[in-house]
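Thanks, everyone, for making the time this morning. Please have the sequence and the coordinates open while I talk, and I will go from one pair of side chains outwards to the chain as a whole.

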Amino acid sequence: MFGRNKEKKKKTYADDDGRTIVNMNVDGFRWYNPARSDKKVDKADRPTRKETHAIIRAWFAVYMPRILSVLVGFGLAIGLIVCWLHGWSFN
């Protein structure tokens, strides 16, 4: 009466090509199989040297301003602490 006898339709996605992104053979899961070795990696899936350098440059472009701002902040804090401990004032 309320659809109990109807089969559940499986969702399909246009961008799903069936590849597994993450290996789910993890110690502690009930389906863990220690004999299974999924160490095979296609060379086509590995980034090239040019792509690796591009990834590293992008990481530096994103994180260096953050790292530098934290270092400048610590430097200013240490400078103010040194001035305070020496008794110098900014009037």
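I would like to begin with W59 and Y63, which both lie in helix α1 and are four residues apart, about one turn of the helix. Please keep in mind throughout that this is a predicted model.

How are the rings of W59 and Y63 arranged? Their centres are 5.2 Å apart and their planes stand at 35°, and because an angle that is neither under 30 degrees nor over 60 falls into the remaining class, the pair is described as tilted. There are two aromatic pairs by this rule, and the other one joins W59 to F60, with 5.1 Å from centre to centre and 85° between the planes, an edge-to-face arrangement. W59, F60 and Y63 therefore make up one aromatic cluster, given that rings pair when their centres lie within 6.5 Å.

Are these side chains buried or exposed, or something in between? W59 has a relative accessible area of 41% and is partly exposed, F60 at 43% is likewise counted as partly exposed, and Y63, with 35%, is partly exposed as well. The three aromatic residues also contribute to a nonpolar surface patch of about 740 Å², which is made by I56, W59, F60, V62, Y63, I67, L68 and L71.

Let me turn now to the helix that carries W59, namely α1, which runs over residues 49-86. With its 38 residues, α1 reaches 52 Å from its first C-alpha to its last, which is close to the 56 Å expected at 1.5 Å a residue. Where does α1 bend? The bend, of about 40°, is at Y63, and a proline, P65, follows within four residues, so to speak of Y63 is to speak both of the bend and of the tilted pair with W59. At the other end of my list, just after α1, G87 takes a positive phi of about 85°.

Finally, the chain as a whole. The protein chain has one helix and zero strands, and of its 91 residues 2% count as buried. It exposes about 10,000 Å², and carbon and sulfur atoms supply 60% of that area.

I will stop there and take your comments.

Technical notes:
Residues numbered from 1 in each chain as written. Predicted model: local features only at pLDDT ≥ 70, side-chain atom pairs only at ≥ 80, totals over all residues. Heavy atoms only, no water. Helix = DSSP H or I, 4+ residues; strand = E, 2+ residues; numbered from the N terminus. Buried < 20%, exposed > 50% of the residue type's maximum accessible area, 1.4 Å probe, protein only. Areas by Shrake-Rupley, 256 points an atom, 1.4 Å probe, with all protein chains shown as cover. Patch = residues over 30% accessible without salt bridge, like charges linked within 9 Å, V, L, I, M, F, W, Y side chains within 5 Å. Salt bridge = Lys/Arg side-chain N within 4 Å of Asp/Glu carboxyl O. Phe/Tyr/Trp six-rings, centres within 6.5 Å; stacked < 30°, edge-to-face > 60°. Expected span 1.5 Å × (residues − 1). Bend = angle between axes of the 7 residues up to and from the residue.
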